[in-house]
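Hi everyone, thanks for coming. I'd like to walk you through one model today, a few residues and helices at a time. Have the structure open and follow along with me.

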Amino acid sequence: MNIWLHGAIYSVLIANVLLTMTAWSIWFERKFSARMQSRVGPTIVGPMGLLQPIADAIKLLQKESIVPDKADRALFNLAPLLTLLFSLGIAAVVPFSPEVIAADLDVGVIFILAMGGMMVFPVWIAGWASNNKYALLGGMRAVAQGISYEIPLVLAALVPVTLAGSMSLSDIVRHQIEHGWYIFWPPGPGLFAFVLFFVASLAEANRIPFDIPEAESELVAGVTTEYTGMKFGLFYLAEYLHTLISAAVGAALFLGGWDGPFAPGLHWMVLKTLLLFGLVFWVRWTLIRIRIDQLMSLCWTWLVPAGLVLVMAAALWKWGMAGS
Amino acid sequence: MKFSTATATVADPYLDISTYEADADLMVLNLGPQHPSTHGVFRIKLYLDGEVIVKAVPYPGFLHRGVEKLCEKLTYTMMTPIIDKNDYLSPMMNEQAINMAFEDLHGSAVPRRAKYLRTIFAELQRVASHLVWLGTFGVDLGGALGGGTTLFMHCFREREMILDLFEEVTGCRFHYNTHMVGGNRHDIPAKWAKGVHRVIGVIAERIDEYEILLTSNKMFVDRTKGVGVIDAELALSLGITGPILRAAGVDHDLRRDAPYHAYDEVDVRVAVETAGDCQARAIVRILEMRESLRIVGELIDNVPEGPINGYRPTKTPLQVKITKGQGYACLEGPRGELGTYVIAGGDNRGASPYRLKIRSPSLHAMSCLPYVLPGLTVSDTIATFGSLDPVMGEVDR
């Protein structure tokens, strides 16, 4: 098939499926957290509350769109679009199966990290353009956190890249199918790199315990304080989408992507993604938030050195394999 | 008594305002009155250098309802329901506090059974109040959408059981209106003791889990240890009582030091910590819950038979008339010394007081904020404020 046509078809398909999954993941999270808290969660809209996401979306669309008087109108309206754009952009290079991939870039991992890094901009734009002190504090925290956690994320992602000798996610998955999933093999660096990647992804996607930019109990709603209606909805959607796609990237980098017996590859990839996604929710509804200075010291005194050691270990393993 | 007469030697933060006002680099953040973590409506003006607080000025008063003034128009019997709304997390304590003062003036003796029931109610109420505190503290630390809410929901699950017990007695879950001058209004139903035993058994087990959380969870410890230290000197100079004072190492508890109700018949073991930080306050409250459950378990089987008040049953409200005198009575509420000062001989031919003053422990607790907050971050503000366990209804009255 023509590469442009392939890209167009699959990007529309993947974007739509991911957005739908994101909407229902909010339903899933509400049910899941309800179970954890001895509640029942949504039950009214549809069977088992399954139509709740639609009701939520309709409600958000009906809300009045308010732009604060002293806000920077253009930037204020741009920020929610950008967050969604960047988080959807990551999905372009994630291989859901050997065929289901929008663009199999040779520099896939770099593209993912770059797109994830760009997420700092809309958040900061929103924080600055809102002209609100809570939003500004949230934006400040988001920038500090986003930039710091970029580094352990890159280092963790470098481990599979080093082992596979390629930056294309498809190649990384194929290498895992041949040599075993990186989370198990090589023993040690792979597993620790996966944990590091998971922690850094949580911070990158602003999930508890690292949801410091949002921090409802401190900063009201952080950068989204002044947003109403669907603009707020876009932020919300982008946050979940980012988490979902981070889970997909984690599954591709460390859990063998579409590799698995009995069922087509796509099933396995989706299953692994959702498992990681569920893990994020589990963590979210269990832990409390840590403080911004504790977050920074965790990053710079533990995660970055650990990442460096892991990259060295992966390189040594690769060198040893090549030597033998 | 172990009161110190030392006055505050801490620099008065209000005096330092001028030096900071000149500095244009500081950001002024109005935390509240509409803010998710101010436990109602409370405003703190924070002068921030980055995220670090340079100065904090609290502004209470957003929930002022004029209850004390209103009480001058109400009769002693009519006051109880409205006093319930002061400290809405422990309404029974409020009722007991005013009625103790009225009883002293009126000279009405409380039957022994009523004293026992009041003690049991007070201790159950203390557990319920501390459970709400623990839950909201979790939300303060962990966010309204996250692990904090899980703690919150679990604490409320336990509190519901206590409210169910109260509902069986009074018919109400929140504002009970069950105490009156000279005794109680409602007697406990048959087999209530059995329910109490079941509930305190369940809660005691779960409190053990919460204690593990407070002392061993790395994140919880990181967020609370060494944060918002209120030392004994500051606490005493500001009149802070209750768990905050005990967490600062001062062994003071009215239940033991100035017994009222039936506390002279039980052994009250007072929990004391020395660190004075958020974690110490949390641990003191956990230990207090456990002690309260023990006291309830001890008393519930020994409730003496007899009347619960000194009146014969009537359909119309009883009229209590006190023509002169003034007095103060206090008890150990969940937040500290909850006192009532009353000057008798007001309207309605002596059926209303001339003046009623409520000493609310929350107001005193919050007065430490300007001294404690500078140097902490915005996150720590929320943690410290939450650990004081303030109830705005009581602060502003």
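Let's begin with Arg284(A), which counts as buried because 24 other C-beta atoms lie within 10 Å. What we have here is a predicted model, so please keep that in mind throughout. You'll find Arg284(A) in helix 11 of chain A, the helix that covers residues 265-284. Now look for Glu29(A): 255 residues separate Arg284(A) and Glu29(A) along the chain, yet their C-alpha atoms are 9.9 Å apart.

Staying with buried residues, let's turn to the nonpolar core. Which residues touch the most other members of the largest nonpolar core? They are Val94(A), Phe197(A) and Ala235(B), in a core of 213 residues. Take Val94(A) and leave out anything up to four places away in sequence: Val94(A) then touches Ile101(A), Leu169(A), Ile245(A), Ala248(A), Val249(A) and Ala252(A). As a general background remark, nonpolar side chains in soluble globular proteins tend to be buried together.

Next, please move over to chain B and find helix 5, residues 112-142, where Ser129(B) sits. Is Ser129(B) buried or exposed? Ser129(B) is buried, since 27 other C-beta atoms fall within 10 Å and the cut-off for buried is 20 or more. Setting aside residues up to four places away in sequence, Ser129(B) touches Leu89(B), Ser90(B) and Pro334(B). Val227(B) is 98 residues from Ser129(B) along the chain, and their C-alpha atoms are separated by 23 Å.

While we're on helix 5 of chain B, let's see how it packs. Two packed helices are described by the angle between their axes and the distance between the axes. Take helix 6 of chain B, residues 147-170: its axis and that of helix 5 of chain B come within 7 Å and cross at roughly 165°. That angle makes the two helices of chain B, 5 and 6, roughly antiparallel, because the cut-off for that label is over 145 degrees. The crossing of helix 5 and helix 6 of chain B is left-handed. By class, the residues of this contact between helix 5 and helix 6 of chain B come out as 15 nonpolar, seven polar and two charged. If you want to click on some of them, those on the helix 5 side include Leu124(B), Val127(B) and Leu131(B), and those on the helix 6 side include Phe152(B), Phe156(B) and Arg159(B).

The other partner to show you is helix 12 of chain B, residues 278-300. The axes of helix 5 and helix 12 of chain B come within 9 Å and cross at roughly 150°. Helix 5 and helix 12 of chain B are therefore roughly antiparallel too, and helix 5 of chain B passes helix 12 of chain B in a left-handed crossing. Here the contact of helix 5 with helix 12 of chain B divides into 13 nonpolar, three polar and four charged residues. Among the helix 5 residues in it are Tyr116(B), Glu123(B) and Trp133(B), while the helix 12 residues include Arg285(B), Met289(B) and Leu293(B).

Now for the place where the two chains meet. How many residues does each chain put into the contact? There are 29 from chain B and 25 from chain A. On the chain B side, strand 1 (27-31), helix 5, helix 6, helix 8 (218-224) and helix 16 (378-387) each supply at least two residues. Helix 6 of chain B gives the most, with six residues. The side of chain B that touches chain A has 12 nonpolar, 12 polar and five charged residues.

Helix 6 of chain B also holds Arg157(B). Arg157(B) is partly exposed, because 17 other C-beta atoms lie within 10 Å. Arg157(B) and Asp264(B) are 107 residues apart in sequence, and 32 Å apart in space from C-alpha to C-alpha.

Let me finish with some backbone angles for the torsion fans among you. Lys191(B) has a phi near 65°, positive in a residue other than glycine. Lys191(B) lies in the loop between strand 5 (183-184) and helix 7 (192-216) of chain B, and counts as exposed because it has 9 C-beta neighbours inside 10 Å. Arg397(B) has a positive phi as well, near 55°. Arg397(B) is in the segment after helix 17 (392-396) of chain B, and with 24 other C-beta atoms within 10 Å, Arg397(B) is buried.

Methods:
Residues numbered from 1 in each chain as written. Chains lettered and ligands numbered in written order. Predicted model: local features only at pLDDT ≥ 70, side-chain atom pairs only at ≥ 80, totals over all residues. Core = buried A, V, L, I, M, F, W, Y, C linked by C-beta atoms within 7 Å. Buried ≥ 20, exposed ≤ 12 C-beta atoms within 10 Å, placed from the backbone. Contact = placed C-beta atoms within 7 Å. Helix = DSSP H or I, 4+ residues; strand = E, 2+ residues; numbered from the N terminus. Axes fitted to C-alpha atoms, helices over the stretch in contact; angles between N-to-C directions. Parallel < 35°, antiparallel > 145°, perpendicular 65-115°, else oblique. Left-handed = near helix turned anticlockwise from the far one by under 90°. Nonpolar A, V, L, I, M, F, W, Y, C, P; charged D, E, K, R; others polar.
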